[in-house]
Amino acid sequence: MNEAIANQLSWPFREAERVAARLKEKGKTSALFETGYGPSGLPHIGTFGEVARTSWVRRAFTELTGLPSRLLAFSDDMDGLRKVPDNVPNKDMLKAFLGKPLTQVPDPFGTHSSFGAHNNARLRSFLDSFGFDYEFASSSDYYLSGKFDNALLHVLARHDEIVEIIRPTLGPERRATYSPILPIHPRTGIVMQVPIEKTDAQAGTVVWTDPETGVRFETEVTGGSAKLQWKADWAMRWYALDVDYEMSGKDLIDSVKLSSAIVRALGAEPPVCLTYELFLDENGQKISKSKGNGLSVEQWLKYAPPESLAQFMYHAPQRAKKLFFDVIPRAADDYINGVVTARTSADPYGEPAWHIHAGDIPENAGSPIGFTMLLNLASVINADSPEMLWGFIRAYIPDATAEKYPFLAQLIQYAITYNQDFIAPNKKYRAPTELERTGLKDLQARLAAGFDEYPGETAAEKIQNMVYAVGKENKFTPLKAWFDCLYQVLLGQAEGPRFGGFVALYGVDRTIALISTALAREAAAV
RNA sequence: GAGCCUGUAGCUCAGUGGUAGAGCAUUCGACUUUUAAUCGAAUGGCCGUGGGUUCGACCCCCACCGGGCUCACCA
């Protein structure tokens with residue numbers, strides 16, 4: 001093993017070491033990583049976090065051991081439809097299919113063979129959009145094809161033992177009826193949550209009674225004629241597939257504990273598990289969809305690149321973190337700084353950027369300018385086009401082009417969007433005084449007439465000198481008041497960029513229009 | 001009831017047993033024709049409280065106090 005890796009302490013490597021130890025103990029030569037998805041709801045920011053984090057552990061495992069591995073994205077699409085979701089069409093149609101496996105429910109969107117298939121497709125396209133390396137698995141496929149049969153028969157043989165593991169954790173009502181085995185009703189197709197009256201390990205069947213009709217059935221547990229209740233299902237999956245690693249949120253701590261106990265009852269060792277903390281909103285309160293607090297993947301990616309979201313997910317998974325808008329710029333800058341650090345560090349394995357880029361940081365990753373600075377700049381010059389930002393950036397970095405700094409080019413787009421959505425709408429434009437009206441009209445007229453007569457090598461310098469001339473000739477005292485006027489009346493802010501450079505990049509015609517707007521605004525107010 | 005996270009500068013937070021850190025805010029300075037996203041510096045800390053381990057504790061252990069979250073129906 002590489003000494004540098006052995007000595008370094010980043011959490012993906014620590015986790016990878018645990019996986020390596022498990023494999024060594026079991027004599028395995030490849031590792032299976034799993035991430036699981038509930039059937040209800042669409043992929044969200046937590047989904048991204050879980051797959052990204054698992055991928056980092058997997059990559060660290062590769063670096064550490066050189067052994068092959070797989071990442072299985074497992075969808076529990078055989079679960080029964082419990083309630084009609086709010087956010088889908090054709091709700092009335094769905095009512096008729098309550099209780100049936102999601103892969104047996106028609107797709108309310110009408111685009112896929114079933115509701116389950118629809119959600120699976122959404123999940124896969126979500127994961128694909130980030131370029132994750134994974135294999136998709138459908139629970140229904142596994143049940144129906146018989147891949148789980150051996151494990152299911154094993155669960156049947158240990159049925160009573162498993163019941164005794166779960167039973168103490170249940171409320172009195174459920175305690176009376178609980179079984180890890182949920183037969184599919186042979187006539188209605190509904191996933192039945194009923195008392196199991198008899199188990200026959202030899203025949204591979206369970207006996208139960210339909211509570212509505214009183215009809216008794218003997219159902220095979222194999223071949224998709226039955227499925228398992230959640231905790232037993234998770235355990236059986238670990239057992240059947242020999243899963244080596246799976247992480248989950250702290251809301252599943254008890255499930256991990258119980259599923260692990262079930263796996264042991266089946267005679268196997270549970271996988272290496274990691275519990276991560278959930279996200280909070282900016283006030284440290286829980287995130288709930290009804291309140292609309294927190295942040296969606298779409299919102300994040302509208303204002304910053306995916307690398308910044310990955311950076312946020314990398315840091316301290318076992319710590320509860322506030323996830324709200326203001327953390328985005330910092331995450332972006334942490335990433336940008338991390339790229340530099342990872343390139344120059346003697347121990348790149350400890351750097352988030354190493355993990356985010358799967359050990360191979362592209363030549364053109366990173367940015368010569370921080371994101372926070374770009375946001376400030378975009379705000380100050382009220383940027384509404386990439387050209388404006390490039391123009392100001394070149395004052396500091398003459399060779400700055402999109403070709404040379406493609407990541408900076410992306411950041412510029414994000415900064416413009418940010419400015420348009422958050423800064424521009426909140427600008428407070430002051431009405432000009434009489435003196436200022438005169439000065440602005442003068443400036444407008446001179447811009448329209450041309451400014452070649454003023455000293456300076458460039459248009460920016462000529463305009464700059466003209467602006468000073470206007471201020472002096474109109475007797476602004478102190479002269480600073482003239483510039484305060486330009487920023488407060490034209491740009492809606494206390495301070496701003498050098499005005500000559502601003503006009504040159506913003507455009508003479510647009511500046512003239514900007515002045516007209518300001519003058520009209522004052523007139524309307526009077 | 002059970003479990004998890006958290007308490008460090010005014011604010012938001014890093015901190016891997018060995019000199020207490022960053023960003024923002026504040027103040028001062030540099031640059032600029034008295035206007036710039038900038039640059040430099042300063043200020044700011046019983047690291048929640050009390051014990052313990054250690055040559056040495058923000059860090060490890062115990063107790064307590066404060067702030068949150070999760071699970072006890074389903075997944």
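**Pocket, cavity and RNA strand**

Okay, starting with the second largest pocket: its lining has 13 nonpolar, six polar and two charged residues. Everything here comes from a predicted model, where local features need pLDDT of at least 70 and side-chain atom pairs pLDDT 80 or more, while totals for chains, interfaces and linings use all residues; side-chain values use heavy atoms, without hydrogens or water. Residues count from 1 along each chain as its sequence is written, and chains are lettered from A and ligands numbered from 1 in the order written.

A pocket is an open set of points on a 1 Å grid over the protein atoms alone, with protein on both sides within 12 Å along at least five of seven lines; a cavity is a set where a 1.4 Å probe fits but can't get out, and lining residues have an atom within 4 Å of a point.

So, how big is the second largest pocket? About 580 Å³, counted as the space filled by probe spheres on the points. Of its 21 lining residues, Leu377, Phe392, Ala395, Tyr396 and Arg498 are closest to the centre. Helix 16 gives the most to this lining, five residues, and helix 17 (386-394), helix 20 and helix 22 (499-506) each supply at least two. Where does the pocket sit? Between domain 2 (371-426) and domain 3 (434-525), because both give residues to the lining.

Next, the enclosed space. Searching the whole structure turns up one cavity of 30 Å³ or more, with a volume of about 30 Å³. Tyr303, Phe325, Ile328, Pro329, Phe371, Leu375 and Tyr418 line this largest cavity. Helix 14 (327-344) and helix 16 are the elements giving two or more residues to that lining. By class, we get seven nonpolar, no polar and no charged residues there. Domain 1 (279-356) and domain 2 (371-426) each contribute at least three of the lining residues.

Finally, the RNA. There are 47 residues around RNA strand B, and Lys250, Tyr396, Gln464, Asn465 and Gly496 come nearest. Sugar and phosphate make up 66% of the strand B atoms within 4 Å of the protein. For the bases, one base oxygen is 2.4 Å from a side-chain N or O atom of Lys250, and a base oxygen is 2.6 Å from a side-chain N or O atom of Tyr487. On the backbone, a polar side-chain atom of Lys322 lies 2.9 Å from a phosphate oxygen. And the surface near RNA strand B, by class, has 20 nonpolar, eleven polar and 16 charged residues.

Technical notes. A residue is near a molecule or strand if one of its heavy atoms lies within 4 Å of it. A polar contact is a pair of N or O atoms within 3.5 Å; within protein, one must be able to donate a hydrogen and the other to accept it, and residues adjacent in sequence count only if both atoms are side-chain atoms. Ala, Val, Leu, Ile, Met, Phe, Trp, Tyr, Cys and Pro count as nonpolar, Asp, Glu, Lys and Arg as charged, and the others, Gly among them, as polar. Helices (H or I, at least four residues) and strands (E, at least two) are DSSP runs, numbered from the N terminus. Domain bounds come from an automatic or database domain assignment.
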